[in-house]
Amino acid sequence: MYLPEYWQRLRGLQSRIDSPMKGVGKSVFQLEERFKREIEQEGGEK
C-alpha cells in the first residue's frame, strides 16, 4: 500500500521530535532510506 500523504505527515512529525518513532535506528527518515534500498534491490533482481 502506498500512502504518500500520510508518509509526508509522518516526515513532518519526525522532524519535530528527537527520538525515532519506531525505535532505535527506525526513524521515518531511516526507514525511508531502507525502503529505497529495498526497492532498488528488487529492481536489480528482475
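**Entry 1: Leu-10 and the surface patch**

I began with Leu-10, which lies in helix H1, residues 4-16. I was working on a predicted model. I looked up how covered Leu-10 is: its relative accessibility is 31%, so it counts as partly exposed. I then checked which neighbours share its surface. Leu-10 belongs to a nonpolar patch together with Leu-13, Ile-17 and Met-21. I noted about 300 Å² of accessible area for the four residues together.

**Entry 2: Overall layout**

I stepped back to the whole protein. I counted 2 helices and 0 strands. The C-alpha trace spans about 40 × 25 × 15 Å along its principal axes. I looked up burial next: of the 46 residues, 11% count as buried. The accessible surface comes to about 4300 Å², and carbon and sulfur atoms account for 53% of that surface.

**Entry 3: Aromatic rings**

I searched for aromatic pairs and found 1 in the structure. The partners are Trp-7 and Phe-35, and the pair is tilted. I wrote down 6.0 Å from centre to centre and 55 degrees between the planes. Why does this pair tie together parts that are apart in sequence? Trp-7 lies in helix H1, whereas Phe-35 lies in helix H2 (residues 28-45), so the pair links parts 28 residues apart in sequence.

I also checked the cover on each ring residue. Trp-7 has a relative accessible area of 24% and is therefore partly exposed. Phe-35 is at 34% relative accessibility, so I entered Phe-35 as partly exposed too.

**Entry 4: Salt bridge between the helices**

I searched the whole structure for salt bridges and the search returned 3. One of them joins Arg-11 to Glu-32, with the closest N and O atoms 3.2 Å apart. Arg-11 sits in helix H1 and Glu-32 in helix H2, so this salt bridge ties together parts that are 21 residues apart in sequence.

Is Glu-32 buried or exposed? I found 16% relative accessibility for Glu-32, which means that it counts as buried, the cut-off being under 20%. Its partner Arg-11 has a relative accessible area of 27% and is partly exposed.

**Entry 5: Salt bridges within helix H2**

I went on to Glu-33, whose side chain meets that of Lys-36 in a salt bridge at 3.8 Å, N to O. Both residues lie in helix H2, 3 residues apart, or about one turn of the helix. Glu-33 is partly exposed at a relative accessible area of 41%. Lys-36 has 43% relative accessibility and counts as partly exposed.

I then looked at Arg-34, which forms a salt bridge with Glu-38. The closest N and O atoms of Arg-34 and Glu-38 are 2.9 Å apart. How many residues separate Arg-34 and Glu-38 within helix H2? I found them 4 residues apart, which is about one turn of the helix. Arg-34 is at 38% relative accessibility and counts as partly exposed. Glu-38, at 33%, also falls in the partly exposed class.

**Entry 6: Charges over the whole protein**

I closed with the charged side chains. I recorded 9 positive and 8 negative side chains in the protein. The centres of the two sets lie 5 Å apart.

**Entry 7: Summary of links between helices**

I listed two contacts between H1 and H2 for reference. Trp-7 of helix H1 pairs with Phe-35 of helix H2. Arg-11 of helix H1 pairs with Glu-32 of helix H2.

Terms used: Residues numbered from 1 in each chain as written. Predicted model: local features only at pLDDT ≥ 70, side-chain atom pairs only at ≥ 80, totals over all residues. Heavy atoms only, no water. Patch = residues over 30% accessible without salt bridge, like charges linked within 9 Å, V, L, I, M, F, W, Y side chains within 5 Å. Areas by Shrake-Rupley, 256 points an atom, 1.4 Å probe, with all protein chains shown as cover. Buried < 20%, exposed > 50% of the residue type's maximum accessible area, 1.4 Å probe, protein only. Phe/Tyr/Trp six-rings, centres within 6.5 Å; stacked < 30°, edge-to-face > 60°. Lys, Arg positive; Asp, Glu negative; His and termini not counted. Charge placed at Lys NZ, Arg CZ, Asp CG, Glu CD.
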